[in-house]
Amino acid sequence: MNRMTAGIRCRRQTVTVLFVDIVGFTAIVDELDCADVRDLQMDYFSTVSAEVRAAGGVVEKFIGDAVMAIFGADGPLPGTPEDTSCAAVGAVRAGLAIQEALRGRLLAGRFPVRTRVGLATGDAIVDLDQTRDGGYGMVSGSVVSTAARLQAYAPHDTVVVCAATRAVTDHAVVYQEMPPVSVAGKSAPVELSRALYPQVVTAGPVLQTCG
């Protein structure tokens with residue numbers, strides 16, 4: 001459903017949101033000069049952004065040590081279930097690629113880091129004029145906070161997804177079950193799965209959402 005909001009071109013559609021952050025970032029930077037912190041961040045942001053773009057996503061914002069990215073929001077029309085599934089698969093693959101790119105790497109040539117990635121799929125209002133890198137406020141909806149919360153529950157160096165993301169990517173990614181977690185603001189425990197590695201893509205599944 002397309003609609004106008006305060007003169008901004010907006011529409012409702014299903015997207016996948018990716019959050020990634022550095023484990024223990026505050027403790028790391030407390031020991032560093034601000035110039036070193038910037039060097040670490042620039043290398044980190046560059047690496048994560050490259051993997052997001054390669055998988056078809058858009059960087060929405062950088063927040064300290066966190067990167068938020070959106071998949072499936074930049075087409076000319078709201079996506080079909082097949083489009084939404086492809087976007088979610090891209091998001092999971094981006095998360096896995098980010099972990100692979102950073103594993104064992106020294107950022108700025110000096111700083112080892114560990115990261116965690118959370119993904120959620122659900123409905124959002126998309127600002128069409130902001131669907132580009134740095135498109136702050138590009139999406140609005142509970143799917144954003146869900147992805148951020150799930151990232152906080154991810155074990156170090158892993159990618160975790162909500163049930164809806166798994167439902168539309170199960171044909172393309174091998175998963176490991178995780179115990180449900182109680183998330184602030186959610187009335188029931190949230191089901192989680194850990195993405196392990198991509199598999200050969202077959203027919204797409206039926207779409208459901210978990211925003």
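Q: Before we start, what is a nonpolar core here?
A: It is a set of buried Ala, Val, Leu, Ile, Met, Phe, Trp, Tyr and Cys residues joined through side-chain atoms within 4.5 Å. One thing to keep in mind is that this is a predicted model.

Q: Thanks! How many residues has the largest one, and which have the most contacts inside it?
A: The largest nonpolar core has 34 residues. L18, V20, Y44, V48 and F71 are those with the most contacts inside it.

Q: And which elements supply at least two residues of this core?
A: On the helix side there are helix 1 (25-29), helix 2 (34-54) and helix 3 (81-102). Strand 2 (8-22), strand 4 (66-71), strand 7 (115-127), strand 9 (159-162) and strand 10 (173-181) each do so too.

Q: Which of them gives the most?
A: That would be helix 3, with eight residues.

Q: What other core lies apart from it?
A: Another core, of 25 residues, lies apart from that one. Among its members are V15, V139, V144 and L150.

Q: Let's zoom in on V20. What is it in contact with, leaving aside neighbours within four places in sequence?
A: V20 is in contact with Y44 and V48, which are also among the residues with the most contacts inside the largest core. Its other partners are D65, A66, V67, I98, T115, R116, V117 and Q151.

Q: Switching to the whole protein: how many helices and strands are there?
A: Five helices and 11 strands. The radius of gyration is 17 Å, close to the 17 Å from the globule rule for 211 residues, so the protein is as compact as a globular protein of that length.

Q: Nice. What share of the residues counts as buried?
A: 46% of the 211 residues do. As for the surface, the protein exposes about 9,800 Å², with carbon and sulfur atoms supplying 54% of it.

Q: How about charges: how many positive and negative side chains?
A: There are 18 positive and 22 negative ones, and the centres of the two sets lie 3 Å apart.

Q: Now the arginines. Where is R132, and what does it touch?
A: R132 is in the loop between strand 7 and strand 8 (139-140). Not counting residues up to four places away in sequence, R132 touches V58, V59 and M138.

Q: Is R132 buried or exposed?
A: Partly exposed: its relative accessible area is 45%, and the partly exposed class runs from 20% to 50%.

Q: Last one, where does R93 lie?
A: R93 lies in helix 3 and is partly exposed, with a relative accessible area of 33%.

Key
Residues numbered from 1 in each chain as written. Predicted model: local features only at pLDDT ≥ 70, side-chain atom pairs only at ≥ 80, totals over all residues. Heavy atoms only, no water. Buried < 20%, exposed > 50% of the residue type's maximum accessible area, 1.4 Å probe, protein only. Helix = DSSP H or I, 4+ residues; strand = E, 2+ residues; numbered from the N terminus. Contact = heavy atoms within 4.5 Å. Rg over C-alpha atoms; globule rule 2.2 N^0.38 Å. Areas by Shrake-Rupley, 256 points an atom, 1.4 Å probe, with all protein chains shown as cover. Lys, Arg positive; Asp, Glu negative; His and termini not counted. Charge placed at Lys NZ, Arg CZ, Asp CG, Glu CD.
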